[in-house]
Amino acid sequence: MCRITAADKEAAVSRFLQEFPHPPRSGRDHPALRGCDDIAWADFPGCPAGVAALLRGLLDPAAASEAERVLCNVLMDGVFRLGPAMPAALPFLLRLAADPAVPVRTELIEVLLVVAELSHPVDGGGEQAIRVLGSDRDRPERALCRAVFAEHADLVRGLLEDRTLPDGFIPPEERASLLKVATP
């Protein structure tokens, strides 16, 4: 299975910081990012220290697209695997996705839909699902992400009711998946 190594993640963050060395000042003051600098991102297995800079980069129109791409790679351990830092990053992603002024808002909502789908329990899903996705015991970030979605259920409902998003942007099955993980 395709896995993203810690060295790959570190290199991607380093390239991003070289290309965009000065994220916008507003990123430090944006209410959605309060506390992101207080998290020891590098303490999560396989996670580089630069996650806060990537989160701030989401607010910079020039850097947002690349920040979103790199952030997704950093927070995932592979195609179908949430990384250990995803639960810590999820509150920031939810709050940013709720802000219509964020340049990559629709992309962040798409990320949230993927995270929601990958957060569902797997152990009851059969042997093939466990082989591909890992067991819930081995992938505790799924349960942690469900807890974050539930804690921020008001933001989830707000996204689902947001009239500024294009009609049909969140298909019915993805709406249901998001609501399911946001319901304790």
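# A tour of the predicted model

Start by colouring the chain by confidence: helix α5 (residues 86–97) has the highest value, at a mean pLDDT of 98, and helix α7 (residues 127–133) has the lowest, at 64. What you have open is a predicted model, and the chain as a whole averages a pLDDT of 89, with 89% of the residues scoring at least 70. Where pLDDT is low, the predicted coordinates should not be read in detail. Keep that in mind when α7, with its mean of 64, comes into view.

**The whole chain**

Switch to a cartoon view and you will find 10 helices and 2 strands. Follow the chain along its sequence and the order is α-α-α-α-β-β-α-α-α-α-α-α. Of the 184 residues, 47% are buried. If you draw the contacts between residues at least 6 apart in sequence, 68% of them join residues at least 24 apart.

**Stop 1: before α1**

Select Thr 5, which sits in the segment before α1 (6–19). Is Thr 5 buried or partly exposed? Its relative accessibility is 39%, so Thr 5 counts as partly exposed. Now add Cys 47 to the selection: 42 residues separate Thr 5 and Cys 47 in sequence, while their C-alpha atoms are 9.3 Å apart.

**Stop 2: Trp 41**

Next, go to the loop between α2 (26–29) and α3 (51–57), where you will find Trp 41. Trp 41 has a relative accessible area of 3%, and because buried means under 20%, Trp 41 counts as buried. Which residues is Trp 41 in contact with, leaving aside its neighbours within four places in sequence? They are Cys 36, Cys 47, Pro 48, Ala 49, Val 51, Ala 52, Leu 55, Ala 85, Ala 88, Ala 89 and Phe 92. For one distance to check, draw a line between the C-alpha atoms of Trp 41 and Ala 52: these residues are 11 apart along the chain and the line should read 8.0 Å.

**Stop 3: Leu 96 in α5**

Move on to helix α5 and pick out Leu 96. Leu 96 is buried, at 0% relative accessibility. Show its surroundings, again without neighbours within four places in sequence, and you will see contacts with His 30, Ala 32, Leu 33, Leu 55, Leu 58, Leu 59, Val 102 and Leu 108. Ala 32 deserves a distance label: Leu 96 and Ala 32 are 64 residues apart along the chain, with C-alpha atoms separated by 5.7 Å.

**Stop 4: α5 against α8**

Keep α5 displayed and add helix α8 (residues 141–151); the two axes come within 9 Å and cross at roughly 25°. That angle makes α5 roughly parallel to α8, and their crossing is right-handed. To see the contact, show Met 86, Pro 87, Leu 90, Pro 91 and Leu 94 from α5 together with Glu 141, Leu 144, Cys 145, Val 148 and Phe 149 from α8. Coloured by class, these residues divide into 9 nonpolar, no polar and 1 charged.

**Stop 5: Ile 109 in α6**

Now select Ile 109, found in helix α6. With a relative accessible area of 1%, Ile 109 is buried. Not counting residues up to four places away in sequence, Ile 109 touches Ala 97, Leu 159, Leu 165, Phe 169 and Ile 170. A label between the C-alpha atoms of Ile 109 and Leu 94 should give 8.0 Å, for two residues 15 apart along the chain.

**Stop 6: α10 and its partners**

Bring up helix α6 (residues 105–119) with α10: their axes cross at roughly 60° and come within 9 Å. The crossing is left-handed. From α6, show Leu 112, Leu 113, Ala 116, Glu 117 and Ser 119; from α10, show Glu 174, Ser 177, Leu 178 and Val 181, which they meet. This contact has 5 nonpolar, 2 polar and 2 charged residues.

Finally, swap α6 for helix α9 (residues 153–161), which packs against α10 (residues 172–182) at an angle of about 165°, with axes 9 Å apart. The two helices are therefore roughly antiparallel, and α9 passes α10 in a left-handed crossing. Here Ala 153, Val 156, Arg 157 and Leu 160 of α9 meet Arg 175, Leu 178, Leu 179 and Ala 182 of α10. By class, the contact of α9 with α10 has 6 nonpolar, no polar and 2 charged residues.

Terms used. Residues are numbered from 1 along each chain as its sequence is written. This is a predicted model: local features need pLDDT of at least 70, side-chain atom pairs count only at pLDDT 80 or more; totals for chains, interfaces and linings use all residues. Side-chain values use heavy atoms; hydrogens and water are left out. Axes are lines fitted to C-alpha atoms, for helices over the stretch in contact, and angles run from 0 to 180 degrees between N-to-C directions. Helices (H or I, at least four residues) and strands (E, at least two) are DSSP runs, numbered from the N terminus. Angles under 35 degrees count as roughly parallel, over 145 as roughly antiparallel, 65 to 115 as roughly perpendicular and the rest as oblique. A crossing is left-handed if the near helix is turned anticlockwise from the far one by less than a right angle, and right-handed if clockwise. Contact means heavy atoms within 4.5 Å. Ala, Val, Leu, Ile, Met, Phe, Trp, Tyr, Cys and Pro count as nonpolar, Asp, Glu, Lys and Arg as charged, and the others, Gly among them, as polar. pLDDT is the predictor's confidence in each residue, from 0 to 100. Buried means under 20% relative accessible area, exposed over 50%, partly exposed in between (1.4 Å probe, protein chains only).
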